[in-house]
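Dear colleague,

Please find below the structure for your examination. A summary of the findings follows it.

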Amino acid sequence: MRILLSENKSLKQKILGGSLALFLSFCVALSGISFAYADEFDDQAAQNGKNFTPVPDNEKTSFLLFGSGASGGDGMQGRWEMLTKDDMMSISNNTTAREVFDAGTYAIWKSGQNFSTTTDGKNLTFDLGTAGINIKNLAKNYKIESGGNDNKSRLLIVDQDGNSVSSRDYALEYPRYYFSDMTASGVEVTPLLKIKDGVFSLRTGQDKATEVTADLWKDDIKTLQIDTITTATAKPDVVIDVLDGKTEVDYTLSDVVYSGQYDAVFAYRNAADEQITATVRGARLSDVLAAKSIKIASGDTLYGLDANGAAVKLTSPISQYFLAYEGAETKADATETALTSNSEFVLFGPGTTESQVKMKDIYTIKIIRATPPTPVVKKPPMTKITKLTKPTKRSIRIRWAKRTGIKGYQIRMKRAGGTYRIIKTIKKAGTTTFVKKKLKKGKKYYFMVRTYKVVNGKTYYSKWSKARYRKL
């Protein structure tokens with residue numbers, strides 16, 4: 001048995017200096033209990049999965065550049081750059097743009113470029129003298145290559161409201177043009193990230209003057225994802241997906257990052273019993289799932305899967321798991337290394353050992369839903385026929401007792417010597433009368449009524465009431 005005592009010296013002095021110290025010593029002698037003092041590392045390990053801190057506003061990602069074939073950026077695979085608002089405010093020319101993006105030799109700043117667009121194929125709208133980031137050269141700097149005619153690039157743009165739109169084919173490779181009017185010859189232009197007052201907007205040219213391209217003129221965007229595609233129907237690059245039963249939900253990096261930005265610290269011991277502290281940035285797994293309306297119920301089981309489908313069971317509440325997309329690990333001797341993974345993320349959770357806390361190469365979150373218990377449904381209450389009257393010579397009015405907690409009623413009838421058949425289904429619990437018409441005079445008719453209700457799509461019936469008859 002191991003008892004942890006506070007490092008508060010005054011408290012220890014009081015304990016050791018008083019009679020309580022003698023009592024504890026006596027207990028130790030009898031029971032063999034040993035004492036060890038909690039250190040900062042043990043305290044931190046005890047908080048794994050509970051100490052998520054929102055990223056300060058001045059460090060939050062305001063713009064995300066992602067390339068499916070990129071290299072040289074930040075993150076696990078070097079496929080992205082995340083810019084703060086201050087980063088964006090600092091861009092005003094090629095020098096400052098290169099300082100922020102810090103990649104490649106191609107000049108990425110362009111100014112004085114004109115764009116035209118149309119929403120109806122008849123009237124042009126203009127954006128003249130535009131300045132900003134040359135997206136073609138930006139892609140080259142990050143080695144986002146088209147790969148020739150078989151592989152092409154497509155732009156995925158996300159605005160501040162989270163709405164996304166994908167460009168048409170040949171977004172970067174195919175020439176696009178500016179038209180001064182509907183009859184003029186086109187002047188080739190390159191797509192730009194227009195920068196103004198620390199805000200990025202997308203501007204792109206047209207194939208022909210009548211082409212409707214206004215949907216790609218997006219102002220105040222927060223994501224530009226450049227995807228290398230092999231077919232016209234290829235979906236955007238997915239960094240993680242969620243298997244919810246038979247449903248697969250795909251996430252781009254933008255989906256994960258903007259679901260919530262947090263810093264976290266996890267402490268654990270590796271296989272060599274070395275103390276490791278990981279300082280990471282990312283998103284809470286619960287927020288990532290909630291961003292696409294995926295809810296976890298009591299009894300559901302979650303797994304993290306690598307590229308080969310090998311699964312690690314998540315044994316703690318989902319609120320304690322964290323998808324880190326960048327960070328560093330530090331040993332007790334202050335040796336620091338960057339966090340690495342074959343996927344874009346490392347999944348962290350509670351525990352004390354590395355195998356419990358750190359899960360690398362996670363591409364999929366799998367949810368096994370708990371089998372809901374079979375509901376015990378109480379049968380609806382019986383009713384009874386209260387009166388049979390003859391409103392006309394060839395009809396009978398049936399009245400019955402009203403019941404609550406039901407959907408409606410069914411009525412069945414037979415003629416003397418015959419068999420019962422259902423003649424009416426009443427779909428309102430408040431209706432308590434029905435008139436059966438076109439009956440034969442001189443015949444005796446028998447009636448029964450029962451109630452019914454619907455639970456989870458299944459209909460439940462009461463027993464039939466006692467039969468009552470009336471002769472016409």
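**Charges over aromatic rings**

Lys292 is placed over the face of Tyr251, 4.9 Å from the ring centre. A second case involves Arg450, which lies over the face of Tyr461 at 4.0 Å from the ring centre. Please bear in mind that the model is predicted.

**Aromatic pairs**

The count of aromatic pairs comes to 11. One of them joins Phe266 and Phe348, whose rings are stacked, with 5.0 Å from centre to centre and 20° between the planes. Phe266 belongs to strand β17 (residues 262-269) and Phe348 to strand β23 (residues 346-348), so this pair ties together parts that are 82 residues apart in sequence. Phe266 and Phe348 are both buried. Ring pairs also link these two residues with Phe52 and Phe322 into a cluster.

Tyr446 and Tyr469 form a further pair: the ring centres are 5.2 Å apart and the planes stand at 45°, so the pair counts as tilted. Tyr446 lies in strand β31 (residues 444-455) and Tyr469 in strand β33 (residues 468-471), and the pair thus links distant parts of the chain, 23 residues apart. Are these two tyrosines buried or exposed? Tyr446 has a relative accessible area of 22% and is partly exposed, because only values under 20% count as buried. Tyr469, at 48% relative accessibility, is partly exposed as well, because exposed requires over 50%.

**The surroundings of strand β31**

Which strands pair with β31? Strand β28 (residues 408-415) runs antiparallel to β31 and is joined to it by 8 bridges. In this pairing, Lys414 stands opposite Tyr446 of β31. β33 also pairs with β31 in the antiparallel sense, over 4 bridges, and here Lys444 stands opposite Lys471 in β33. The third partner is strand β32 (residues 458-461), again antiparallel to β31 and over 4 bridges, with Val454 opposite Thr459 in β32. β31 and β32 form a hairpin with 2 residues between them, and Asn456 in the turn has a positive phi of about 50°.

**The protein as a whole**

The protein contains 9 helices and 33 strands. Of its 472 residues, 42% are buried. Among contacts between residues at least 6 apart in sequence, 64% join residues at least 24 apart. The protein exposes about 25,000 Å², of which carbon and sulfur atoms supply 49%.

Yours sincerely

How values were computed
Residues are numbered from 1 along each chain as its sequence is written. This is a predicted model: local features need pLDDT of at least 70, side-chain atom pairs count only at pLDDT 80 or more; totals for chains, interfaces and linings use all residues. Side-chain values use heavy atoms; hydrogens and water are left out. Rings of Phe, Tyr and Trp (its six-membered ring) pair if their centres lie within 6.5 Å; planes under 30 degrees apart count as stacked, over 60 as edge-to-face and the rest as tilted. Buried means under 20% relative accessible area, exposed over 50%, partly exposed in between (1.4 Å probe, protein chains only). A charge sits over a ring if NZ of Lys or CZ of Arg is within 6 Å of the ring centre and within 35 degrees of the ring normal. Contact means heavy atoms within 4.5 Å. Accessible areas come from the Shrake-Rupley method with a 1.4 Å probe; for residues, only the protein chains shown count as cover. Two strands pair if DSSP finds at least two bridges between them.
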